[in-house]
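Trainee: Could you take a close look at one part of this model for me, the packing in its interior? I'd like to see how it connects to the pairs of side chains around it.

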Amino acid sequence: MARQSTIETLHEHVVSLRRFALVLTRNRDDAEDLVQETLTRAIAAIDSYQSGTDLRAWLFRIMNNVHISAARKRQVRDAAGATLPDPVAEATQSLRVEVRQVLAALDELPDSQREAILLMALEDMKYKDAAEILNVPLGTFMSRIARGREALRRAMEGAKSVRLRIVGGCQ
């Protein structure tokens, strides 16, 4: 019952959330996306909200965390895009498909694993240096690398099991 009334109370804070989102993003469309993501996460985590505490502060904390997470994702993607080396071989259609599958699989990884893999793959850093950049112990970093690589391996095995049909090609 309290859960349902809390959800119904969320709409009272939408205007202030929009205002805060606009300040954070400085873009109306991005602000709307941020508000929507904040409310989605708030509803998903409504059981963790402690009744009687400040709902507005809880929502703003969620929004700030969502915004920081999105900024980190953008930062990693921008850094990765700027430092990509020139291709060593001309891309074939199948190579392009494989690259897109790898990038899609990377997007599905949790931020912590994606950041670890990108630091190792693109920046060619030592484990210790990358762990320091992410402010995590070396063992945690190595665990993230291992889990991320395993997730990528599984995703790519699943992608390769999908057979493409050649249309109009010679056999």
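Mentor: Gladly! Let's start with how much interior there is: of the 171 residues in the protein chain, 28% are buried. Please keep in mind as we go that this is a predicted model. The chain contains 8 helices and 0 strands, so that its pattern along the sequence reads α-α-α-α-α-α-α-α. As for how these helices meet, take the contacts in the chain with a separation of 6 or more: 59% of them are between residues 24 or more positions apart.

Now to the part you asked about. In soluble globular proteins, nonpolar side chains tend to be buried together. Here the largest nonpolar core is a set of 18 residues, and Leu17, Trp58 and Leu59 have the most contacts inside it. Three elements give two or more residues to this core: α2 (14–25), α3 (28–44) and α4 (55–82). The biggest share comes from α4, which provides 7 residues.

Trp58 deserves a look of its own. Leaving aside residues up to four places away in sequence, Trp58 touches Ala42, Ala45, Ile46, Ser48 and Tyr49. There is also a second, separate core, made of 16 residues, with Ile117, Met120, Val136 and Ile145 among them. I'll leave that one aside and stay with the helices of the largest core.

Aromatic rings are a good next stop. A pair of aromatic rings is described by the distance of the centres and the angle of the planes. The structure has 3 aromatic pairs. In one of them, the ring centres of Phe20 and Phe60 are 4.8 Å apart and the planes meet at 15°, so this pair counts as stacked; the cut-off for stacking is planes under 30 degrees apart. Phe20 belongs to helix α2 and Phe60 to helix α4, so the pair links distant parts of the chain, 40 residues apart. The two partners fall on either side of a threshold. Phe60 is buried, because its relative accessible area is 19% and the limit for buried is under 20%. Phe20, with 23% relative accessibility, counts as partly exposed.

Moving on to charged side chains, the general idea is simple. Side chains of opposite charge can pair when their charged atoms come close. In this structure there are 6 salt bridges. Arg18 and Glu32 form one of them, at 3.1 Å from N to O. Since Arg18 sits in helix α2 and Glu32 in helix α3, the pair ties together parts that are 14 residues apart in sequence. Both ends are partly exposed: Arg18 has a relative accessible area of 39%, and Glu32 has 35%.

Helix α3 also holds a salt bridge of its own, between the side chains of Arg41 and Glu37. The N to O distance there is 2.8 Å. Because Arg41 and Glu37 are 4 residues apart in the helix, about one helical turn separates them. Arg41 is partly exposed at 36% relative accessibility, and so is Glu37 at 32%.

Further along, Arg77 makes a salt bridge with Asp107, where the closest N and O atoms are 3.0 Å apart. This pair also links distant parts of the chain, with Arg77 in helix α4 and Asp107 in helix α5, 30 residues apart. Arg77 has a relative accessibility of 41%, which makes it partly exposed, and Asp107 is partly exposed with a relative accessible area of 41%. Elsewhere, Glu150, Arg153 and Arg154 are linked in a network of salt bridges.

Finally, let's step out to the surface. The chain has an accessible surface of about 12,400 Å², and carbon and sulfur atoms account for 52% of it. A nonpolar patch on the surface is formed by Leu95, Val99 and Leu103, which together have about 250 Å² of accessible area. Leu103 lies in helix α5 (residues 93–108). With 49% relative accessibility, Leu103 counts as partly exposed, because exposed would require over 50%.

Definitions and conventions:
Residues numbered from 1 in each chain as written. Predicted model: local features only at pLDDT ≥ 70, side-chain atom pairs only at ≥ 80, totals over all residues. Heavy atoms only, no water. Buried < 20%, exposed > 50% of the residue type's maximum accessible area, 1.4 Å probe, protein only. Contact = heavy atoms within 4.5 Å. Areas by Shrake-Rupley, 256 points an atom, 1.4 Å probe, with all protein chains shown as cover. Patch = residues over 30% accessible without salt bridge, like charges linked within 9 Å, V, L, I, M, F, W, Y side chains within 5 Å. Salt bridge = Lys/Arg side-chain N within 4 Å of Asp/Glu carboxyl O. Core = buried A, V, L, I, M, F, W, Y, C linked by side-chain atoms within 4.5 Å. Phe/Tyr/Trp six-rings, centres within 6.5 Å; stacked < 30°, edge-to-face > 60°.
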